Amino acid sequence: MQPVIAQYIRPEVVAYAVFFFVLLLTLGGALIAVIPKSIIHNVFGLATSLVGVAGLFIYLGSEFLAMMEILIYVGAICIAIVFAIMLSQPMHLQIPPRLRPKVFFSFVVSLVVFISFTVMVVRTPWEQAVRTSNDWGVKRLGTLLLTRYELLFELISLVLLMSIIGAVITAATASSEKAPGSRDGEEDGV
Amino acid sequence: MNSLTVYLFVALLLFCIGMFGLLQRRSLIGMIISIELMLNAAGINFMAFNRFLGPDPAVGQIMVLFIMGIAAAEAAIALSLTLALFRKLRSINIEHARDLRG
Amino acid sequence: MNPVAPSDFVLWLTLAAMWLPFISFLTIFFITRTQLALSLAVSVSCAAVSLLAAWYLLLGLPAAQPPVEFKMLWMAGAEARISYGFLLDPLSRLMLCIVASISFLVQVYSLGYMAGDDGMAKYYSFLSLFAWSMISLVVAPGLLQLYVFWELVGLSSYLLIGFWHHKFSASEAGKKAFVMTRLGDLGFFLGIIVLLLHLGDLSILKLNAQAAAKLSAGLVTASAVLIFMGVVGKSAQFPLLTWLPDAMEGPTPVSALLHSATMVAAGVYLVSRLFPFYAASPDALMVVLAIGTVTMLLSSTMAMVARDIKQVWAFSTVSQLGFMLMGLGAGSYFAGVFHLTTHAAFKALLFLCSGVFIHHFGSNDMYDIARGGGRRLKVPMITITIAGAALAGVFPAAGFFSKESIMGALAGLPQPGWLAAGLAGAAMTAYYTSRLLFVLWFPRQIAAPHHEEHGHGEAAAHSAFGYWAMGVPLLILAGFALVLGFFGDGILNFLHWGRPPEFFHHVWLAPVSLILVACGIGLAWLEFGRKKAAQAGFLSRLPAVEALFANRWYMDAFYRCMLDYVVYGVFSRLFTLNDRRVVDGGVDGVCRGTVGGGWLLSFLQSGLLQYNLFTMVLIIALVGLYFLVMH
């Protein structure tokens, strides 16, 4: 029996299997992220899907980005979402039933988008540009980020800074709006 | 498996799943999750073009890095908005936030 | 004669005469308004230079040389070229000299008259503006330039008439002058357009020389009559004559300027400027003659009953302008221009003298002035008598000669009616002029002189300087009013480039008109002059007629009625209705449509984020699909 199995485990077959596994992670995770009602399941689905995307990145030649994907998305954003879930306590809220027409229309619209993009992808004659460099290394990325794309790099840092400050202010203001009212109430009570 | 079209299809599927979620989820957090999916689809597209068509492999990677940065910023803002909305409405159901109704 | 280009000296001299007043206006208005002495110096010195230049241009150039024309291209279109520049021929040189002289004298006179007024600097800037526009009008080589300055003359006269704008009647009078002259200007403008369309050139020389040959007779008549509408408005002729008496609300020197040389003279000047053009159309000349006659008779009757000293002169101006137009309409270019010249001198003098009285006694009523002791003011009393004699047409004064030339032209017409009307007008002129003079000379009761209660003039105004600033121009003008008449032949030669046409002197005409003038004066003497006279005109025995005259033949009332019933009653109501129903209704409809549409569309604004997303995504996807399928 073993040789029979062994003859199926050829390198290219394994490669295909792994690739399809990665695809399965990606798309299956995406479906889990979208379809179940439970928000926690969704987050897990998202994490799965993102791991799959990281795998795709490896297939596409960039281990560095795969690492970043896992670090930033799975490590940071998913955790942030979990925090938000815990802070806003949607778990104990009852989940209202889905509206069928809404689901249906969403599906139709997504389908239309899918069809139109498919047509585009199929029809477009993709052409290879002239390669100017073949260096996939991280070193080159770093050099470019601090030379040619320096301005963008600074800009994205600024955007991040502003968004964090904005997030803090939004969250803090919302709580302080609440807080004076409740304190007033307490004083009235006293 | 080693062709541009495959990756483009995967990205497209991811994008459409994300869009489907964005359109039908009522939980604000669910919508944020869907948006993350769509952003990732865009990242896959960049990387695919970078791999198969682009002139310089570094450029596409840098773009994806930027997308990640934007996604992080967006997530931070969106989650704080979720919190604010929850404090205001005691709910994160987007259908309850209807103050802009005409 | 073909025009020649000016020599450098003449070019700069004319440009200086034209533009110095404007420079003075700008300087005063924008820079030195707060420094009175400096402003006065600027204005008077500019006027003086302008005056010297004008006199040199009149006397220094040879009389018989061809017209000097200077043109710069201003605008060029496919069919017409419009130029800016100046044209110096005998007529414009003569008129330039008149304008510059009168405006200089008025500026000197105003030094005394306006002393102490708050807005004196502004007043001088307006005077300069006025002088600039009138001088530029006079030397304009083309109709469009003339029209531009024609309107500027209207504007500056509006500013000056309404100079004491805090006085309601003054600002009303300014508006009335502006609007009524504007009515006529509409016709003028239409005339210019007709000429431009059919001739393609607005040059005055070409117009005069070629219009008759190039245009059909009907077109010449039509455009001439249209242009004459502007003259009617500007020179206060028959249907539009009531603005001029109201314009007396301005300062008296302004009236002098307005009446003698600038504003109203512009109309007559235009007709003489285009005289060959008018002469090409007998019908147009007939219109000019008829309008002039009617105006002359009507305004003479009005002057016979007016008590306000300035009103009398205002009506007399209107009637003298009528005389000028009669002279032109009768076909005598010289008669009209000659009367314009002499009239400028004696009418300016009349107003400036009256200004002294008004300034001194603070009243416009001639009986008040007489009672106040008007005859104690020697210089103005003597000069006003000379000017009055000139106006009445008494022998040695200027008015006699110029009026005689007009009568001569009228006598040459086949219909004797025109001459009869002219003679009647002359008699009436003599009557109302001497009436006023007799009232001033022989007051019934004279109040004791008290110098405290002078009119608006302050102590400064009665200083020696102020007195002589007003007195010297009077004496100069009186000299002109006396001697100008004897230069008639010289002016005749000058105007016709030394080749005067055959001019008929009717020997019997001078005695006849002198007798009529004497009759007028005698009647006035009987009623106002002699010791026992009641100082009431014969018209006071005919109250209906007197009321008719005093109310200006109810022309103002007619305009009022027109305004009330026709304009307000019909047009305004129609427009109001249109406004309410159509415009307002339309706007309301749009509003309601917007509100209703918004109400309908507001159902789309469910406040549900995802429906908005649906729509957005769907539309984008469909658009994308459309392009993909199409290509």
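The expected span of a helix is 1.5 Å times one less than its number of residues, and helices (H or I, at least four residues) and strands (E, at least two) are DSSP runs numbered from the N terminus. This is a predicted model, in which local features need pLDDT of at least 70 and side-chain atom pairs count only at pLDDT 80 or more, while totals for chains, interfaces and linings use all residues. Residues are numbered from 1 along each chain as its sequence is written, and chains are lettered from A, with ligands numbered from 1, in the order in which they are written.

Start by selecting helix 14 of chain C, residues 309-329, whose 21 residues reach 30 Å from first C-alpha to last, close to the 30 Å expected at 1.5 Å a residue. Of its 21 residues, 21 are buried, so helix 14 of chain C is largely enclosed by the rest of the structure; a residue is buried if 20 or more other C-beta atoms, placed from the backbone, lie within 10 Å of its own. Just after this helix, pick Gly331(C), which takes a positive phi of about 100°.

Next add helix 13 of chain C, residues 282-305, which packs against helix 14 of chain C at an angle of about 155°, with the axes 7 Å apart. Axes here are lines fitted to C-alpha atoms, for helices over the stretch in contact, and angles run from 0 to 180 degrees between N-to-C directions. The two helices, 13 and 14 of chain C, are therefore roughly antiparallel to each other, a term that covers angles over 145 degrees. Colouring their contact by class gives 15 nonpolar, nine polar and no charged residues, where Ala, Val, Leu, Ile, Met, Phe, Trp, Tyr, Cys and Pro count as nonpolar, Asp, Glu, Lys and Arg as charged, and the others, Gly among them, as polar.

Move on to helix 18 of chain C, residues 398-411, where 14 residues reach 20 Å from first C-alpha to last, close to the 20 Å expected. In helix 18 of chain C, 13 of the 14 residues are buried, so this helix too is largely enclosed by the rest of the structure.

Now show the whole of chain C, which has 25 helices and two strands, and in which buried residues make up 51% of the 631 residues.

Finally, display chains A and B, where 59 residues of chain B are in contact with 74 residues of chain A, contact meaning that C-beta atoms, placed from the backbone, lie within 7 Å. The largest share of the chain B side, 24 residues, comes from helix 3 of chain B.

Terms used:
Contact = placed C-beta atoms within 7 Å. Buried ≥ 20, exposed ≤ 12 C-beta atoms within 10 Å, placed from the backbone. Parallel < 35°, antiparallel > 145°, perpendicular 65-115°, else oblique.
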